[in-house]
Amino acid sequence: MDYALTAEQELLRDGLGKFLATRYDLAASRAAAHTGAGWQPAIWRGFADELGILGATLPEEVGGMGGGAVELMIIAEALGHALVVEPYVDTVVVAGGLLRRAGGGPAASVLQQVVAGSAIVALAAAEPDSGDDLRRVTTTAARDGDDWVLSGSKIMALAAPLATHLLITARTSGNPADTDGISLFLVDLDRAPAGLHMHGYRTIDDRRAADLVLDGLRLPADALLGAAGQAWPSLEQARDEGAAAVAAEAVGAMRKVLADTVAYCKQRQQFGQPIGSFQALQHRMVDMYLELEQAAASLYLVILNLDDADPWCRAFGVSAAKATIGRAARFIGQNAVQLHGGMGMTEELAIGHYFKRLTALQYEFGSTDYHLARFAELTRPGAHPR
């Protein structure tokens with residue numbers, strides 16, 4: 001199998017890497033996350049105008065470049081390596097995929113704004129009792145004349161406090177946990193819709209998220225994306241695409257964590273010599289390297305299967321990678337902190353911030369345990385339709 005990048009993909013990787021190395025300061029990013037708006041709009045504008053990465057994987061008809069899974073991997077891994085908090089995965093990968101598959105005028109219009117950098121879109125799908133199962137939707141949407149009226153609640157809507165638009169799942173028919181009957185609605189927050197109450201907060205890894213209460217939220221008829229009750233296949237694919245993106249992000253973060261840990265162990269002196277010369281610690285770093293290489297290999301597996309027309313192949317690759325990378329993120333993150341000692345969890349040192357992000361990544365778009373169980377189900381005898 002040839003894993004070599006094309007010349008265009010190498011330019012994308014090198015250009016993004018140079019931009020982040022020279023323009024994305026970790027201290028400034030954390031300051032914005034802790035005391036500011038939660039992100040750096042100027043960086044987002046640079047992603048759109050200078051790099052064009054916001055449209056790299058989106059269709060050409062909305063101003064994108066029509067890239068695929070490899071471009072997604074390159075971008076997400078670079079963002080993870082630099083510990084970028086701006087909502088690329090939430091807006092471009094997850095929401096972008098949902099809007100692209102839904103089609104229609106409103107969806108195309110928002111996608112054009114995403115490519116231009118003027119729209120942030122967040123998905124609100126998780127509910128208090130849903131856990132990792134996004135099929136469990138109790139939020140309801142009922143017709144009232146030409147309008148839709150939504151009632152219910154959502155939790156942990158990542159990037160919602162930054163968003164200009166929300167994508168909200170609601171049940172128009174069926175029972176909770178049914179795949180049929182789930183619909184997807186587009187909400188323009190610039191119109192300040194009545195009946196939508198948002199409680200925003202900062203997560204442990206310095207992202208922004210929100211819990212939503214929908215108290216008779218009234219939306220126009222064209223807020224419904226796609227056919228009523230038929231959103232689940234697209235939602236499942238969006239979750240898999242999000243899982244693939246954060247898997248790539250985790251690999252990028254782990255590469256940085258391992259490199260910083262090795263460099264620290266070469267500098268830190270104990271008993272008159274660098275601690276990196278101690279064989280026990282060398283063995284520990286070798287184990288970290290092996291976990292990283294397994295994680296990277298599993299990432300290639302998911303990228304090769306992400307665009308497969310067979311949903312089983314996509315799900316197989318995603319769950320295998322997410323389970324493998326979740327284990328690696330835990331092992332590498334914890335060992336990096338231990339090898340740095342008490343200073344590993346200080347705010348001043350980058351390693352602590354990376355550790356928090358690697359911890360959060362284990363739960364985004366399905367936890368490690370969820371994907372391990374899903375992989376077991378997918379690989380049981382007779383599970384594959386072929």
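Where is the place of Thr-91 in this chain? Before I answer, please keep in mind that what we are looking at is a predicted model. Thr-91 sits in helix α5, which runs over residues 88-102, and its relative accessible area is 0%, so we call this residue buried, the cut-off being under 20%. If we set aside its neighbours within four places in sequence, Thr-91 is in contact with Trp-44, Gly-96, Val-114, Ala-119, Ile-120 and Val-121.

Let me now move along the chain to another region. The UniProt record, which is an unreviewed entry, carries the annotation "domain: Acyl-CoA dehydrogenase/oxidase C-terminal" for residues 237-376. Over those residues the chain is 78% helix and 3% strand, and the end C-alpha atoms are 19 Å apart.

Next come some helix pairs, beginning with helix α8, residues 279-305, and helix α9, residues 311-340, whose axes come within 8 Å and cross at roughly 160°. Angles over 145 degrees count as roughly antiparallel, and α8 and α9 are therefore described as roughly antiparallel to each other. The crossing in which α8 passes α9 is left-handed, and their contact has 19 nonpolar, seven polar and five charged residues.

How, then, does helix α7, residues 232-267, pack with α9, and at what angle? The axes of α7 and α9 are 9 Å apart, and the angle is about 25°; since angles under 35 degrees count as roughly parallel, α7 and α9 are roughly parallel to each other. The crossing of α7 and α9 is left-handed, and the residues of this contact divide into 17 nonpolar, three polar and five charged.

Methods:
Residues are numbered from 1 along each chain as its sequence is written. This is a predicted model: local features need pLDDT of at least 70, side-chain atom pairs count only at pLDDT 80 or more; totals for chains, interfaces and linings use all residues. Side-chain values use heavy atoms; hydrogens and water are left out. Axes are lines fitted to C-alpha atoms, for helices over the stretch in contact, and angles run from 0 to 180 degrees between N-to-C directions. Helices (H or I, at least four residues) and strands (E, at least two) are DSSP runs, numbered from the N terminus. Angles under 35 degrees count as roughly parallel, over 145 as roughly antiparallel, 65 to 115 as roughly perpendicular and the rest as oblique. A crossing is left-handed if the near helix is turned anticlockwise from the far one by less than a right angle, and right-handed if clockwise. Ala, Val, Leu, Ile, Met, Phe, Trp, Tyr, Cys and Pro count as nonpolar, Asp, Glu, Lys and Arg as charged, and the others, Gly among them, as polar. UniProt positions are given in the numbering used here, feature names are shortened, and annotations may be inferred rather than shown by experiment. Buried means under 20% relative accessible area, exposed over 50%, partly exposed in between (1.4 Å probe, protein chains only). Contact means heavy atoms within 4.5 Å.
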